[in-house]
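Q: Could you take a close look at one part of this model for me, namely chain B? I'd like to hear how it's put together, and then how it fits in with whatever is around it.

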Amino acid sequence: MTDHKLQRPPAEIRFADELARLRETDTGARPPGWQLSLDAARRFIIGDQKADISRKFVGDPSLIDRALVTLATSRGLMLVGEPGTAKSLLSELLATAISGDSTLTIQGGAATTEDQIKYSWNYALLVAEGPSTRSLVPAPMLRGMAEGKVVRFEEITRCPLEVQDSMLSLLSDRVLAVPELTGAESMVFAREGFNVIATANTRDRGVNEMSAALKRRFNFETVFPISDFTIELDLVESEASALLARSGVTTPPSRDVLEVLVTTFRELRSGVTEHGATMDRLSTVMSTAEAVSVAHAVGLRGWFLRGEAGTPADIVECLAGTAAKDNAEDLARVRRYLEQQVPKKKGPQWRAFHAARHALPG
Amino acid sequence: MPATFVGVRHHSPACARLVAATIAAQRPAYVLVEGPADFNGRVNELLLGHELPIAIFSYYRDGKRANAAWSPLCAYSPEWVALTAAQQVGAEVKFIDLPAWHSALADRSNRYADAEQRYADAIDRLCRTFAVDNVDTLWDHLFEVPDDDGLAERLAAYFDLIRGEADADENDRAREAYMAEWVRAAVAQAGDRPVVVVTGGFHRPALVRLAADPASTVDWPALPALPDGALGGSYLVPYSFKRLDAFDGYQSGMPSPGYYQRVWQDGLEKAASGLVESVVARLRNRKQVVSTADLIAARATAGGLARLRGHRHPARTDVLDGLVAALVSNALDTPLPWTTRGHLATGTEPVVVEMVAALSGDQVGRLHPDSPLPPLVHDVTAELERHRLDVTGPLQLELTAEPDLARSQVLHRLRVLGIPGVRRDSGPDLGGAPLLDERWQLSPDADRLSALIEAGAYGATLVDAALAALDERVTGNDGDIGALAAVLFDAALCGLPDLSEKVRDAIARCVGRASELGPLGQALATVLGLWRHDRLLGSAHSPTLGALITSATTRVLWLAEGIHGGPAPANLGRVSALAAVRDALLHAGQELGLDREAPLALAHRLAVDQTVPPDLRGAALGFALSLGVAGEPSAAARGAARPEVLGDWLTGLFALARETLLAGDGEAGDPAGPTLLAVLDETISTMTEHDFLVALPALRQAFGFFPPRERETIARRLLDRRGVRASARDLLRVSVAPELLAQAAELEARVDELLAGEGLIDVEKSA
């Protein structure tokens, strides 16, 4: 596989070099079936300047500690949080660090079936030869258990309850039965190193509640939006710059404009302004990922419409689409924010932001 | 012989062990401790045999500023250990820091806060390097958990690194210069006997450097004198782990006193298991299920985390992380409190709240009976004598008379401090009738002295203490706007309408959390009244009240915009909230610098938005009209002419701008178009009987805003419109016999009584 042709290579290819170096120098004890020791896995994710390992996840280091220790025990790891808090990225990094493979992924959804979790059949071979390991098409759980690897289950709460329940026995008995086969092949026992990382959106709780039985088999870790303003601003700046560069925009986004954008997102997300006033939170998600995409859009507008980096007025135009989506109440909240909170802030960029408030549609 | 400097983190058991070991090994002549130098003559008071924690409470007040500061001491405080260890080896203890009243400590309420918190860059980088969440975890990781071997060197390296990168500010430099004078004097006086200096580690590098300069004199440094006309002093007060843990921001020191007390007594391993036990006990007390399987999982995770993080025994956060992993099986709404610093956020998971409570502990200190009493006790006695209030029995006060007003204020100050034996039976009340006299009941009470000693922590004089208590009630308020208004009213009654600066932020925060328009508007109206008129209580134009007016106007507008819904009976609460905002803009707008433009824009939007309830639409129109903006009420009235809407819309309009109805002369052919009265007359005349009955109750409510004289004017205009010449007053008279009305009223009262007797209606509502 040559990675420069891929739109988004998996973590084990993107960071192959770092993984190799970590493996070489790793002297710590490895849990059975793990490719790295806990300490090296942790350094792979939160970075290690001395060893030139990049920081891949911005968040509390203790979250990574707890996640790794959980995965070393017999409980699965459930990452919950608002959309756009990099849960999937974290699960990809964890799987890469532990198993060197992040591709054993089940994407949960209303149409997910047991076949996509356990195994299905190559029907041509099944008809020709009958059930055999040759005609069996293993799905991620089967492969993860047989090979002793970490399986990722994205958006588990979007699956119907009965599909979620099919995970129960796999997680507690650590064995997957294939009744169609006979002999030793009919039971696939999980090898050391197997575990499950599931992710779930807190906003999706209404879609499917998780059964108490399944909850007991997971340790829950909540992933929060980035708490530090500067870190979030830096992250938005670097991500947006990379996106803009890829879209052929040569001016980097202006720091002032990004500051307005990130502050606005943080305040609308938390419902608290930097002066401590409280206001209604938006019902839409104001994640860092959304901020990056708005910053991208602002840069595109500025560059392709006027040949410059984008202004606070562009943010107002974009907010209607991202923050308010098609929710009239959220739109009103954004308008109130622009009208009542923004004038309290100081600086020319905030004044421009306030002056552009009429650009908000509706 | 040069001094030995022990740089500590305040309230760190590891540092306390180091201090004890150093003093025991060196047997110094002097032990110098970072503490208020004005307490030096009274070190013996500390050793009377109190139950810890206690604190040295220092206060200062002059015309410009006031502050109260605590130097808290618990069993594992390095400073406390230095005191007791020095006593054992016969060393003399000296406090060497500036008194709390010195300007260098003006913004400090906790002398033993982490100084290095104010210089955060180096700490951030260290946290990143060691992959920990914050300075508390970092501290555990580096100092509390590892063996004590080489602790002194590690501490010195840590503080040198932090200090090396930071330029201390002017205040720290002043304190360090003063402390260094003491060190030089002590070294000179001790001759060839050792001297041990125990200070915050942040100051150590500077002190080592400064103390190396030769001493110019061998005398002890002089104590900075109190400025003329200022009050200040220090007293011992009982303290508690809860208060120790409640300092916030730059005032905060090492958290979790309950846990570190255990570390100090029993060591790290037992403290970890003790923490688990007390969390489980607390949870089970609250009828939460904690299964054995959970505990095993918690222990396994804690052990795993400790190994991963390289700890000999599970440290504080290892245990907590393990417990959270095992006990919490749903998404959290707020980050775990030990990953951030600061107070518990609202919405914190109950299990986590119990964990933090277990960390804090609930130990409360007690002073030895021989301890000198705080000055408040003497001040109160003197005040009561001065105002001839040292009596018992009932007391009636005329607030308009100067001596009685002062006496009332003294009693109110005692009341807000919660001193028993002072009860007010009647007097001016929040939102009540404007009474001018008060009745009190004074009685002796056995608990009065102990309550006064505790209140002594609020301040040295009755005025200071009452101010501080009121401040605390405001800052502790979490969104109860009625209670907030009550505190401000109490402040006015105490004759202290201007609370401190920080209270204004707290008011803004509290108002910002208010979610009901009605109570908010009521509070705004009351406070606006106090602000505008109250010369009796001296609260007119008080900046504290101004702060509430400013934030409440913004909040009312913010809430008003969020209200949507179809026709519904008029909500007088929200209508009067808008009226209160209008009054604030009219009467206080200029002085408080309130913005007029945004409210008017909002009113305009509300007035034309069909998804806004009719009463609010009408009120918004009235709002704009009464602020002098031209509008077309008659056109708007046509828009609101539906029978189920009209009355409610008019209620909103008339509540704010009833003069609109009588504007214009009502002549046909008026260039401004038909008047509002004409439109209403036309609308109501064309209603069918059914429509009219639907509209009637709300219309009655709307016209209830007009006093009889204006109703008569309305009646005359109506007669004129029809060209009828008759007495307008007759139209207002009820045509039934008064006896019949009296009978109806009596019947209604009896029905209410019956209903109330059966518990079917609320008695107060029927009254």
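A: Quick bit of vocabulary before we start: helices here are DSSP runs of H or I with at least four residues, strands are runs of E with at least two, and the numbering goes from the N terminus. Also keep in mind that you're looking at a predicted model.

Let's begin with a helix end. Just after α23(B) sits B:G593, and its phi is positive, at about 65°. The helix before that glycine, α23 of chain B, covers residues 572-592 and has a kink of about 50°, centred on B:L586. So you've got a bend within the helix at B:L586, and then the positive phi of B:G593 just after the helix.

Now zoom out to the whole chain. Chain B has 34 helices and ten strands. If you lay its C-alpha trace along the principal axes, chain B spans about 115 × 65 × 55 Å. There are 767 residues in chain B, and 45% of them count as buried. As for contacts, take those in chain B with a separation of 6 or more: 75% of them are between residues 24 or more positions apart.

How is chain B carved up? The domain assignment gives domain 1 (4-239), domain 2 (257-360), domain 3 (375-464) and domain 4 (562-709). Taken over C-alpha atoms, the centres of domain 2 of chain B and domain 4 of chain B are separated by 58 Å.

For the strands, try β6 of chain B, residues 195-200. This one is mostly covered, with six of its six residues buried. Two of its partners are worth a look. Strand β1 of chain B (residues 4-8) pairs with β6(B) in the parallel sense over five bridges, and B:F5 stands opposite B:V197 in β6(B). Strand β2 of chain B (residues 30-36) also runs parallel to β6(B), joined to that strand by four bridges. There, B:V33 stands opposite B:V198 in β6(B).

Then there's the neighbour. 31 residues of chain B are in contact with 32 residues of chain A. On the chain B side, the elements giving two or more residues are α12 (292-308), α13 (316-327), α20 (501-513) and α22 (543-561). Sorted by class, that side of chain B has 14 nonpolar, ten polar and seven charged residues.

And what does chain A bring along? Chain A has 16 helices and nine strands, and its C-alpha trace spans about 75 × 45 × 40 Å along the principal axes. Of its 362 residues, 45% count as buried. Among contacts in chain A with a separation of 6 or more, 69% are between residues 24 or more positions apart.

Chain A gets its own domain assignment too: domain 1 (3-223) and domain 2 (229-359). The C-alpha centres of those two chain A domains lie 35 Å apart. Domain 1 of chain A puts six residues into the contact and domain 2 of chain A puts in seven. The side of domain 1 of chain A that touches domain 2 of chain A divides into two nonpolar, two polar and two charged residues.

How values were computed. Residues numbered from 1 in each chain as written. Chains lettered and ligands numbered in written order. Predicted model: local features only at pLDDT ≥ 70, side-chain atom pairs only at ≥ 80, totals over all residues. Domains from an automatic or database assignment. Contact = placed C-beta atoms within 7 Å. Nonpolar A, V, L, I, M, F, W, Y, C, P; charged D, E, K, R; others polar. Buried ≥ 20, exposed ≤ 12 C-beta atoms within 10 Å, placed from the backbone. Bend = angle between axes of the 7 residues up to and from the residue. Pairing = 2+ DSSP bridges.
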